[in-house]
Amino acid sequence: MAAIPSLAQHKHAEHEHGGHSAQAPENHPAAAGQFDFEAPEPGTYELPVIKPAPDGAVLDTAGKTRRLHELMAGRIVLLSFVYLSCTDVCPVATAKLHSIRALSAREPDLRDNLEFVTVSFDPERDTPEALADYARVFTENNRGAPWHFLTTRSQEQVNRILDAYGQPVRRRPPDADGRADIAHLLRVYLIDREGRIRNIYGLGFLDTRLLLADVRTLLLEERRAEHD
Amino acid sequence: MHIRSRLARCIAVVATLSIAAFAGPAAADETCQSPYMAKITGEEEFVYIWTLGDEGIGDGSDKLVTVDVREDSDTFGEVIHSTSVGGRHEAHHGGLTDDRRHFWAGGLDTSRIFIFDIHTNPAKPKLVKTIDDFVAKTGGVVGPHTFYALPGRMLISGLSNDRTHGGETALVEYTNEGEYITTHWMPTDAEPAGASVEKVADGYGYDVRILPRKNTMLTSSFTGWSNYMMDFGKMLEDEAAMQRFGQTMVAWNLHTRQPEKVLHVPGSPLEIRFAWGPNHDYAFTSAALTSKLWLIYADESGEWQAKAVADIGDPANMPLPVDISISSDDSRLWVDSFMDGTARLFDITDPHNPKQIYEKKIGAQLNMVSQSWDGERLYFTSSLLSRWDKKGEDNEQFLKAYTWDGEELRTRFAIDFTEQGLGRPHIMRFGSSRLYDS
């Protein structure tokens, strides 16, 4: 019998949520001791502009309508799309971003220039109240860089944002236990202070050392531009 | 469960990365795709074949042909759709975006890129965008060849350039929406771009493959427009032309896109296939002109090395190996050779000592091979290049599908692309409607 195809990704690098992957646990990149290399030195390479970061209407944890561009203004942003019921790649991504934020509490350069934005693509369940509860775990230490947890008024509203960013998401029917499932490819976006996407990470690229090297590369780029 | 307590548990889980939820049945899909790509884990439903137009055959245009491979379908083994792009562009390779919603297909002659929507109706791909300024946008890159999915982007290797029409070329990145991002020129002796050079840096390109765990990208090298658009027999007699073939592979820093080492791999190394195993730091390639199988591997110090590890057929007869396909368990490697129309299977359990264990003549000429993830279904096509294909009766143009039971290839179906007025079939990719169900 054929297994159900999914948006699962090949082993030795990537995954998406869903549980239909052909990937064996021991082959998961992290379990296999992934990222067996030295991270590049910040500022020794270029990060080409990929495209402008799209805007969109969102709700913050207080239920107030905001714009993505308004929230991102003036900072380098690490933007992720998740849903709270996700039990695999979303928490992996969020935990990695959390570790960078923890570092930002000790490094003023990161704290003062970086910002985290996380948008839910499951607005029906991920209400502002639910997100506020979720966000507390990550923002209890307020000495780090700001982290905005956001949702939307409707699925249509977030779909417009997802389409604009090119974030693939597919809702699956509930399983026998009534648990809804959302298949998605993990994406994290690095956005510069001018609102341009400068890198896109899948799980295979989501090494905190690479993210930090890229953020610092953007900071060095800005400082070099100031001196020119 | 309360969100915060669930979250705390998730963070703990992430620390050790317990991933039992990811485990599932190994089933299908091609083994040679980008690891960043959405994956079919059930059986493929469709095979898309990027097909060269042939004068006097059907409408004569390059086209994307869709074949139904659902065994329970009334049209199993039949062409169910064909989309012509208008004109002949030297259709060759193509690739799927990471979300698998679009298939990008390149023309080596005109350097046009055709983007097909395969998600709205996977049984009927639709041409939705044509990139016709590739050469100008990229700063002179000609011959878009490999299309390799990165998150949100398409990485494209070129074959040539518009200054000399020789083999010096570049890697190019586009957004999934089809907008140009940047160009990375291959290292040359004149401009090695910081790479160490074993013998020569010819600047040639062909395939590109990635091993994220090692932050490594490998490229191989073929030949330029002036050769791949020349008549094959004429080129073989042209000593100067025969000197214009690639003899290098380049190990790049994937993240920075900077070349690190130019390996000497003579004889035009073509397709690259990284092993899948979590500790398998190696890839295979085949050198077309010398009929050698090469292993590219990280040595004990982590430095990339290349060595010839096996002959493919009798090199004296120039079988011209053209495509390879690695099994998902890294134990087998299929090798197609064009001149003798033969598929050979190597046991690569010891990658440093591959052993041929099976061979079968598929046709008078043979080019691409794609296998399912479980290795049980294989598909072969016949065409190499419009001016390199055999002539007369040997100019067979087909898609042939087989099952593999571990001992023998057994025919499932065959489609005669000439008889059906389609043209010269080249690269294949798998599709499934179930990828897009909601």
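1. I begin with strand β29 of chain B, residues 377-381, which is mostly covered, 5 of its 5 residues being buried. The covering extends to both faces of β29(B), with B:R377, B:Y379 and B:T381 buried on one side and B:L378 and B:F380 buried on the other. This is a predicted model, and the points below should be read in that light.

2. On the pairing of this strand, β28 of chain B (residues 369-371) is joined to β29(B) by 3 bridges, and the two run antiparallel; within that pairing, B:Q371 has B:L378 of β29(B) as its bridge partner. The hairpin of β28(B) and β29(B) has 5 residues between the strands, and B:G375 takes a positive phi there, near 75°. Strand β30 of chain B (residues 398-404) is likewise antiparallel to β29(B), to which 5 bridges join it, and the bridge partner of B:R377 in β30(B) is B:T403.

3. Another part of chain B holds an open sheet of 4 strands, in the order β5-β6-β7-β8, with antiparallel pairing. Its edge strands are β5 (91-96) and β8 (126-131) of chain B, each of which pairs on one side only, and the twist from one strand to the next averages 25°. Between β7 of chain B (residues 113-117) and β8(B) there are 5 bridges, again in an antiparallel arrangement, and B:I115 finds its bridge partner in B:K129 of β8(B). As general background, strands of a sheet pair through backbone hydrogen bonds, either parallel or antiparallel.

4. The largest nonpolar core has 174 residues, and those with the most contacts inside it are A:A93, A:Y189, A:I191, B:V47 and B:I296. For B:I296, once its neighbours within four places in sequence are left aside, the contacts are B:L218, B:M249, B:L263, B:Y282, B:A283, B:T285, B:W304 and B:A306. In soluble globular proteins, nonpolar side chains tend to be buried together.

5. In chain A, helix α6 (residues 208-227) has 20 residues and reaches 29 Å from its first C-alpha to its last, which is close to the 28 Å expected at 1.5 Å a residue. Its buried residues are A:L210, A:L211, A:A213, A:D214, A:V215, A:T217 and A:L218, a list that takes in A:D214 and A:T217 alongside leucine, alanine and valine. What covers the buried residues of α6(A) includes the strands β5 (76-82), β6 (114-120), β10 (188-191) and β11 (196-201) of chain A, together with the helices α2 (89-104) and α3 (108-113).

6. A:G43 lies in the loop between β1 (8-9) and β2 (51-52) of chain A. Why does A:G43 count as partly exposed? The reason is that A:G43 has 15 C-beta neighbours inside 10 Å, whereas a buried residue would need 20 or more and an exposed one would have 12 or fewer. Leaving aside neighbours within four places in sequence, A:G43 is in contact with A:T217 and A:L220, and A:T217 is one of the buried residues of α6(A). The C-alpha atoms of A:G43 and A:L71 are separated by 26 Å, the two residues being 28 apart along the chain.

7. On confidence, the model scores ipTM 0.91 and pTM 0.92, and chain B has a mean pLDDT of 92, with 93% of its residues reaching 70 or more. Residues 1-27 of chain B need separate treatment, since pLDDT stays under 50 over that stretch, for which the model nevertheless has 60 contacts beyond four places in sequence. Where pLDDT is low, the predicted coordinates should not be read in detail.

Note on methods: Residues are numbered from 1 along each chain as its sequence is written. Chains are lettered from A and ligands numbered from 1 in the order in which they are written. This is a predicted model: local features need pLDDT of at least 70, side-chain atom pairs count only at pLDDT 80 or more; totals for chains, interfaces and linings use all residues. A nonpolar core is a set of buried Ala, Val, Leu, Ile, Met, Phe, Trp, Tyr and Cys residues joined through C-beta atoms within 7 Å. Two residues are in contact if their C-beta atoms, placed from the backbone, lie within 7 Å. The expected span of a helix is 1.5 Å times one less than its number of residues. Two strands pair if DSSP finds at least two bridges between them. pLDDT is the predictor's confidence in each residue, from 0 to 100. Axes are lines fitted to C-alpha atoms, for helices over the stretch in contact, and angles run from 0 to 180 degrees between N-to-C directions.
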